Number of protein chains: 2
Amino acid sequence: MTTSTTRTTRGKGRDKAAPARPTQKDIALAAGVSQAAVSLVLNKAETPSVPPATRTRILEVAEGLGYRPNHLARMLRSARTMTFACVIPDITNPFYPGLVRGLQTVAAPAGYDVLIFDTDGRPEREARAIDWLLQGRADGVVATFFHLRVPQLAVLARKGIPLVRLESQHKPDGPLAIDSVYIDNAEAAAAMTRLLIARGHRRIAMIQAEFGPSQRRAQGYSAVMREAGLAPDFVTDSAYSEESGARAMTRLLQRKGERPTAVFGASDVLALGAMEAARNAGLSIPGDIAIAGFDDIPVAKLLGLTTVRQPEFDLGALAAETLVRRLQPGGFGSPGKSHELKFEIMKRSSV
Amino acid sequence: MTTSTTRTTRGKGRDKAAPARPTQKDIALAAGVSQAAVSLVLNKAETPSVPPATRTRILEVAEGLGYRPNHLARMLRSARTMTFACVIPDITNPFYPGLVRGLQTVAAPAGYDVLIFDTDGRPEREARAIDWLLQGRADGVVATFFHLRVPQLAVLARKGIPLVRLESQHKPDGPLAIDSVYIDNAEAAAAMTRLLIARGHRRIAMIQAEFGPSQRRAQGYSAVMREAGLAPDFVTDSAYSEESGARAMTRLLQRKGERPTAVFGASDVLALGAMEAARNAGLSIPGDIAIAGFDDIPVAKLLGLTTVRQPEFDLGALAAETLVRRLQPGGFGSPGKSHELKFEIMKRSSV
DNA sequence: TCCGCTTAGTTATACGTATTACTAAAGCAA
DNA sequence: TTGCTTTAGTAATACGTATAACTAAGCGGA
């Protein structure tokens, strides 16, 4: 009953401040309708049960208040997160940003965000990723696991979370919503090894990392070496890093006996490290020692590295398309499938 | 009142299957307590109002059902997302993965996930990022904006979302929760230009991108050139990419008149592209033409690129620490601050 | 005038969780 | 026996939204 002169001089009584984050309830109050009507209008292009004048009023109030839907509430109500998780060893490995970009390029138009979880290729971190996923962090997963296998991953499928694995070989189709996209790493490494042999090399060493796809790559190399009557020659260092590649190369160069004339790094970053160590040892590439890699990361071209090209963007895009399909109504029932993408041998100056 | 023989032969009536995603309500039913008791026990190490036997029973049931808290529900209840957003031009630019790793390394122990939003340095995508953030996608933001300024960003602070900008210069402290972490790009570029002059170069060109930090870098270069009585010389191409760098270098080399003896790329990827174009033109580096860059991305060392080192991991980590501080109780009130990190000139074989 | 149909909404509830105020029973002391 | 305190919880509600079932009023036709 108080007539306040402050209120009067402020002008219209409807000038009270909008809440920091207006809700549909705030819009409903301001527009004189129910929260349900607001939700209907904001979510449907056509609302037969709301006449145009009411609809317009609601939309104008919402815009005036600067309303943005609360993502968490929407997602809780609809029982989904609209998020894909990408579980990878290390985003700073140049192969993975391109993969993430491919994933995002498909995910974003479908309305999905992409969360990245770095495992550093360590088993306890891979297990942590599964626990994190089970808290409902993502609707679907694209992952590279060095250690976890289907028995440990099946819990995701059982909880309704589809998984697409990035693989180095064909995986048998299974009954669960666990798909894979892969490049035949053994075949690719075999092709690269044949190229090295065709270039006249007979002493060809391979630098490997401890876990992950280098084992499949090593199998392809090894098979072709044996088939050609040559002895496979491995040096292993811990990780997929330039430092590991350089250490392995240094060890190779310090060995007694005849030096290999070619070195095949199981990944580009291993090969780049090997190149650095060779140059530091005063060797010319490919004159004194040829070097090949695997991945075709962006700078491989600049360095003239001969390498196996994996289309990482396409891998990410295909994985995301697979998830989008899985997450459509009825998409969960079909068994897990394996999808192949092709590699390519990029011949450059290092071989 | 029906005695079902099926029920009897099944054995214990408590053998019914656990739901795919058990809730606290399921635990409460199975343990014979209320959902509130379950929540208390699962969230507090000490629960004085719950006796040890009840507590143990609840914990055992939860474990037996494989309960995992529903992240969305928790977050809605507590009005936060436990997520940082990282808004950057392009995750495939080698500078940013390291930044993301720094961010994650601080965010993860504090319980925060990191979402990445790629803008490609385009204004409409930067505006989209703000809209996305306003839907409650993240509690705090670390961002590189090429186009958006404080007037457009203030809405985040007003909605309670702290922002840390990655900057190329000191930013004046402001009243809002908008902080910045920066390296003095002009000073860094000035130092690199002085090095080039000290190496005897008098015709020094600079390759720039259209937007972003290259403008501050150009300012430092330009100031030192003028101070030394030399004429600044710019070539601009569209983006921060190797292709842009190569195109700009090709244009430089095709110009009439005396060729510059040194080229300063406003980023490492621009410099790498310039190196490629120079080599393709049969020029030796640094004999015919010296090349410098800015960033010290991982492969710069391998390529012997002389460059300004920005500690991208430390930038990310500092930004995350700033956000963590902001998001603690009472952290929002203080004005925005600018935090400087130091650059370093990495002298290598390209100069 | 009455009944049925259409229009324009609304009420109620669910999603899963955290937290505050409340409650009942038991135990102890006067 | 009564009253107070302590113990062991629980009921109720909030967070913001989507949606199904329901409802009231108005209009038209018999």
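Reader: How far is the polar side-chain atom of Q35(B) from a base nitrogen of DNA strand C?

Author: First, the idea: a polar contact is a pair of N or O atoms within 3.5 Å, and within protein one must be able to donate a hydrogen and the other to accept it, with residues adjacent in sequence counted only if both atoms are side-chain atoms. Here, Q35(B) has a polar side-chain atom 2.9 Å from a base nitrogen of DNA strand C. For R77(A), a side-chain N or O atom sits 3.2 Å from a base nitrogen of that strand. Q24(B) uses a polar backbone atom instead, 2.7 Å from a phosphate oxygen of DNA strand C.

Author: Keep in mind that this is a predicted model, where local features need pLDDT of at least 70, side-chain atom pairs count only at pLDDT 80 or more, and totals for chains, interfaces and linings use all residues. Residues are numbered from 1 along each chain as its sequence is written, chains are lettered from A and ligands numbered from 1 in the order in which they are written, and side-chain values use heavy atoms, leaving out hydrogens and water.

Reader: Which residues come nearest to DNA strand C?

Author: "Near" means that one heavy atom of the residue lies within 4 Å of the strand. Of 22 such residues, S34(A), T54(A), S39(B), Y67(B) and R77(B) come nearest. On the DNA side, sugar and phosphate make up 60% of the strand C atoms that come within 4 Å of the protein.

Reader: How do the two chains relate?

Author: Copies are superposed by least squares on C-alpha atoms of residues with pLDDT of at least 70 in both. Chain B lands on chain A after a rotation of 180 degrees with 0.0 Å of shift along the axis (RMSD 0.1 Å). That's the relation of a two-fold axis.
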